[in-house]
Every structure is written in C-alpha cells, then in structure tokens.
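Dear colleague,

Please find below the structure that I am handing over to you, together with its sequence. My findings follow directly after it.

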Amino acid sequence: MHPHDDAATCVGQLRTALAANGITLPSLGTDLPTFAGTYGTAPLIALGNCNEETARALAAVLRKAAGQ
C-alpha cells in the first residue's frame, strides 16, 4: 500500500469515528504539501480548524474514552 493511500484510509477512519460521536471536523484531510514533497516521510493528517462547540465535544469524547 502506498503511504498516500494509507493516509487517505486513516482520514476516512478518523472521520467515521468522529461522526459516530457526533463530531465533524470540516477541514479534516491530508496535508497537501506532504503529497507534493519528496521528504520520504509518511503524509501528515491535517485536523484543521473547528469552532468552540466542536472542540468542547471532542474534548468530552476524549475524556470519556480515557475514563475521566
């Protein structure tokens, strides 16, 4: 599997997991400069920006998953 394909799969899995918890990160995707670069490293995942409500929801889900 090409690293770029793996990154796309990772983004899809993260998007699905977030959606299962009622969270959408509109800018979630792969970091485009990573695709253009020839650094020999795996592509980066860009989580992007979100509003305060989404950030609070994400924090709550992570706290719950951590058992807090």
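In what follows, a residue is called buried when its relative accessible area is under 20%, exposed when that area is over 50%, and partly exposed in between. By this rule, 15% of the 68 residues of the chain count as buried. Please bear in mind that this is a predicted model.

Overall architecture

The chain contains three helices and two strands, and these follow one another along the sequence in the pattern α-β-α-β-α. The chain exposes about 5000 Å², of which carbon and sulfur atoms supply 57%. Considering contacts between residues at least 6 apart in sequence, 38% join residues that are at least 24 apart.

The nonpolar core

In soluble globular proteins, nonpolar side chains tend to be buried together. In this model, the largest nonpolar core is made up of five residues, namely V11, L18, I23, L25 and L28.

Two members of this core deserve a closer description. V11 lies in helix α1, which covers residues 3-20. With a relative accessibility of 7%, V11 counts as buried because this value is under the 20% cut-off. Leaving out residues up to four places away in sequence, V11 touches L28, G29, T30 and I45. As for G29, this residue is 18 residues from V11 in sequence, while the two C-alpha atoms are 6.0 Å apart in space.

The second is L25, which is in contact with L18, L47, C50 and T54 once its neighbours within four places in sequence are set aside. One of these partners, T54, belongs to helix α3 and leads to the next part of the chain.

Helix α3

Helix α3 spans residues 52-65 and has 14 residues. From its first C-alpha to its last it reaches 20 Å, close to the 20 Å expected at 1.5 Å a residue. At the start of α3, a side-chain oxygen of N51 comes to within 3.2 Å of the backbone nitrogen of E53. Just after the helix, G67 adopts a positive phi of about 75°.

Which residues does T54 touch, not counting those up to four places away in sequence? They are I23, T24 and L25. T54 has a relative accessibility of 15% and therefore counts as buried, the limit being 20%.

E53, also found in helix α3, is exposed, because its relative accessible area of 63% is over the 50% limit. The C-alpha atoms of E53 and I23 are separated by 9.7 Å, and these two residues are 30 residues apart along the chain.

The salt bridge

How many salt bridges does the model contain? The count comes to one. The salt bridge is formed by R56 and E52, whose closest N and O atoms are 2.4 Å apart. The side chains of R56 and E52 are likewise joined by a polar contact of 2.4 Å.

An α-helix has 3.6 residues a turn, so residues three or four places apart point the same way. R56 and E52 are four residues apart in helix α3, so about one helical turn separates them. Both residues are exposed; for R56, this follows because its relative accessible area is 54%, over the 50% limit.

In brief, two points about helix α3 may be kept together: T54 counts as buried, whereas R56 and E52, the partners in the salt bridge, are both exposed.

With kind regards

Note on methods: Residues numbered from 1 in each chain as written. Predicted model: local features only at pLDDT ≥ 70, side-chain atom pairs only at ≥ 80, totals over all residues. Heavy atoms only, no water. Expected span 1.5 Å × (residues − 1). Polar contact = N/O pair within 3.5 Å; in protein donor to acceptor, adjacent residues only side chain to side chain. Salt bridge = Lys/Arg side-chain N within 4 Å of Asp/Glu carboxyl O. Buried < 20%, exposed > 50% of the residue type's maximum accessible area, 1.4 Å probe, protein only. Core = buried A, V, L, I, M, F, W, Y, C linked by side-chain atoms within 4.5 Å. Contact = heavy atoms within 4.5 Å. Areas by Shrake-Rupley, 256 points an atom, 1.4 Å probe, with all protein chains shown as cover.
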